[in-house]
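Biologist: Could you take me on a close look at one part of this predicted model, the place where a pair of helices meet? I would enjoy a connected walk through it, with the surroundings added as you go.

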Amino acid sequence: MHFRDMSKKLLLFSLVLIIASACLEAASVSISVSPQSGKSKIEVNDLFYLTLNVSDATVEPQAPQLKGARLVYFDMMSGSAQSYTVNGVTRGSYSGRWVATYRALAPGSYSAGPVSIGDAKSNQVKYSVVGAGASGSSSADAQDASAAKSNAGPDSQDDNGKPRYIGKGDSNLFLRASVSSSSAYEQQALVYTLKIYTTYDGLNFLGATASPKFDGFVVEQSSDISTSWSFEVLDGKTYKSAVVARYIIFPQMTGSLRVVGNTYTVSVSQREYYHDSFWGNLSYSKPLQLNVTPNDLVINVNPLPEPKPADFSGGVGQFSISSSLSSQEFKSNQAGSIVYTVKGSGNVKYVQLPDLDALFPPEIEVSTPKTTQDIKIGSSNTSGSITFDYSIMPLDEGNFRIPVVKLVYFNPEAGKYETAVAKGYDINVGKGSGPAAKISRAPKFDSKLMDVSSDGLALSHKPWVYGSYFWLFFIIPVAFLIIVIIAFRRYKSIHADMASFKSGRADKIARKRLRKAANAMKKNDKEIFYHELLLALWGYISDKLKMPTSELMRDNIRQVLSQKNISSESIDRFIEAIDEAEFAKYSSAAGSQSLSQAYDGAVRIINDMEKEFK
């Protein structure tokens, strides 16, 4: 019995010792400093990390303030945190790893620590900050900017917590449009780039609700866009950025042309931060939807220098031309092939060669060429080649010279017209299997054909001046001259006011363009169809209102048409027809109308407006 009591006392004493040793175990903390991932040193504007390894602390760790740096974020990465209350006294036990994120503000040598957590003190570490290098921006910048945005409050939400739609964007998400040059020549290739900037954590959806309005431009959409984020600093703030759209545009008119930016719907994740008394600093992701529109741009387009060369090919850019001949030995009436290849960058799709039928010897027949294009739309221009495959047929025997072919183009970089030359060839034409097609010559005079008999001579003769034909010979030219003078004066008076003349003929000019659109519709060529349809609509309203192309903006058109007493319904239909055509032409997505519907709608609105003008 006594032995059993002694055992109980020993057991109780052992438990007391264990509990006492646990209570007497001292808390510990250690710190270390490290640069952001992928860097070996800390630079100005970089983020860096201070790690606190804590064991059995009785109070919750707090981030220390460091000289030459600003605290960005502090949170527990792993471990456990407990708090309990005994007799009204709150106690805690904290063990684990905490990480404080700082932004380096100034170069120099610094020290961190010792950090005190309760009765425990950490070690002291030294670190250095060097001047900012080229790699001053990093992926951590986006986290810093996002945290700054979140701490500023939910200013992107309505009071009821639902998403708020932003027109032009705000300082945390916006679109910026830029063009490679604000001044260019007609037909010169320009690059229109659309970039998105954001400080939000994640971008979940990005979709265009409309297309940019490139009035007065031919447009080629480039596939060279961003597939990953990069980082840029604007006005001292770091953003994630990406190229969401890029277009190569060719101005077709002179003057000031405006590019109106399109609208995008963007869905992002906004991080909200809060403090929990038990878990400490916590955050959660909150969805946010916005509508953003980039800035509009104005481009000044200059005409090509005058006088233009007579053999100007229409090319604006930098080009070269080469030629190849299938053989220099021919037979008469036997077809061959000569190929001209134009290479370069610029509006290469619209380059035309001179009339070879006029250049080649008359003994060589030249057919219409077969054209093949190999065009690539890059990030700064359109480039590639276009081949002209001509079929030629010598009609006669002999030696002939195929002349050099000159390609005259305008180089916007040099600001002058330049000439590229394709070599010529000497060919030998032998006798073919068919009959030779000789050049026709005037027949020789044969005296035997003249058989004049004196039996047909009259004894009496009436002078020719007494006949009516003699006087008609004078009257007809005089009458014709009077008619020409009257017609010329009428033509001069009508064309004295060219704007009024074009205004009166606006519907006829528009119908000619619509006929070209109808031909393209039969061939199901959407690009040419919408190009001609837009030329018809814009040309009609420009001629009718006597407005230069630089003033052809929707607000101006609406105001002037209202002053002309055109009904608001007709104005809305006209602008809607232009919007539908531009969307169908410039958007990769199909429009809401078929080609026939778009064509019929354009014809109807021009007819209706013509009646209202009268």
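Modeller: Happy to! Let's start with the residues that touch. From α6, the contact takes in Asp507, Ala510, Arg511, Leu514, Ala518 and Met521. Facing them in α10 are Leu595, Ser596, Tyr599, Ala602, Val603, Ile606, Asn607 and Glu610. Sorted by class, the contact of α6 with α10 has 9 nonpolar, 2 polar and 3 charged residues.

Now for the geometry of this pair. The axes of α6 and α10 cross at roughly 170 degrees and come within 11 Å. Since angles over 145 degrees count as roughly antiparallel, α6 is roughly antiparallel to α10.

Staying on α10 for a moment, this helix covers residues 595-613, and Arg604 is one of its residues. Is Arg604 buried or exposed? Its relative accessible area is 47%, so Arg604 counts as partly exposed. Arg604 can also be placed relative to Phe574: the two are 30 residues apart in sequence, and their C-alpha atoms are 9.7 Å apart in space.

Back on α6, there is another partner to meet. Helix α6 (residues 506-522) also packs with helix α7 (residues 526-545), at an angle of about 175 degrees and with the axes 8 Å apart. That angle makes α6 roughly antiparallel to α7. On the α6 side, this contact is made by Ala506, Asp507, Ile509, Ala510, Arg513, Leu514, Lys516, Ala517, Ala520 and Met521. On the α7 side come Ile528, Phe529, Glu532, Leu533, Leu535, Ala536, Gly539, Tyr540, Asp543 and Lys544. By class, the contact of α6 with α7 divides into 13 nonpolar, 1 polar and 6 charged residues. Asp507, Ala510, Leu514 and Met521 of α6 take part in the contact with α7 and also in the contact with α10.

Stepping back to the setting, the protein chain has 10 helices and 31 strands. Of its 614 residues, 38% count as buried. Among contacts in the chain with a separation of 6 or more, 72% are between residues 24 or more positions apart.

Finally, a word on the enclosed spaces. The count comes to 2 cavities of 30 Å³ or more. The second largest has a volume of about 40 Å³, and its lining includes Glu220, Phe250, Lys349, Tyr350 and Ile375. By class, that lining has 4 nonpolar, 3 polar and 2 charged residues.

Methods
Residues are numbered from 1 along each chain as its sequence is written. This is a predicted model: local features need pLDDT of at least 70, side-chain atom pairs count only at pLDDT 80 or more; totals for chains, interfaces and linings use all residues. Side-chain values use heavy atoms; hydrogens and water are left out. On a 1 Å grid over the protein atoms alone, a cavity is a set of points where a 1.4 Å probe fits but cannot get out, and a pocket is an open set with protein on both sides within 12 Å along at least five of seven lines; lining residues have an atom within 4 Å of a point. Grid points are joined across faces, edges and corners, and a volume is the space filled by probe spheres set on the points. Ala, Val, Leu, Ile, Met, Phe, Trp, Tyr, Cys and Pro count as nonpolar, Asp, Glu, Lys and Arg as charged, and the others, Gly among them, as polar. Axes are lines fitted to C-alpha atoms, for helices over the stretch in contact, and angles run from 0 to 180 degrees between N-to-C directions. Helices (H or I, at least four residues) and strands (E, at least two) are DSSP runs, numbered from the N terminus. Angles under 35 degrees count as roughly parallel, over 145 as roughly antiparallel, 65 to 115 as roughly perpendicular and the rest as oblique. Contact means heavy atoms within 4.5 Å. Buried means under 20% relative accessible area, exposed over 50%, partly exposed in between (1.4 Å probe, protein chains only).
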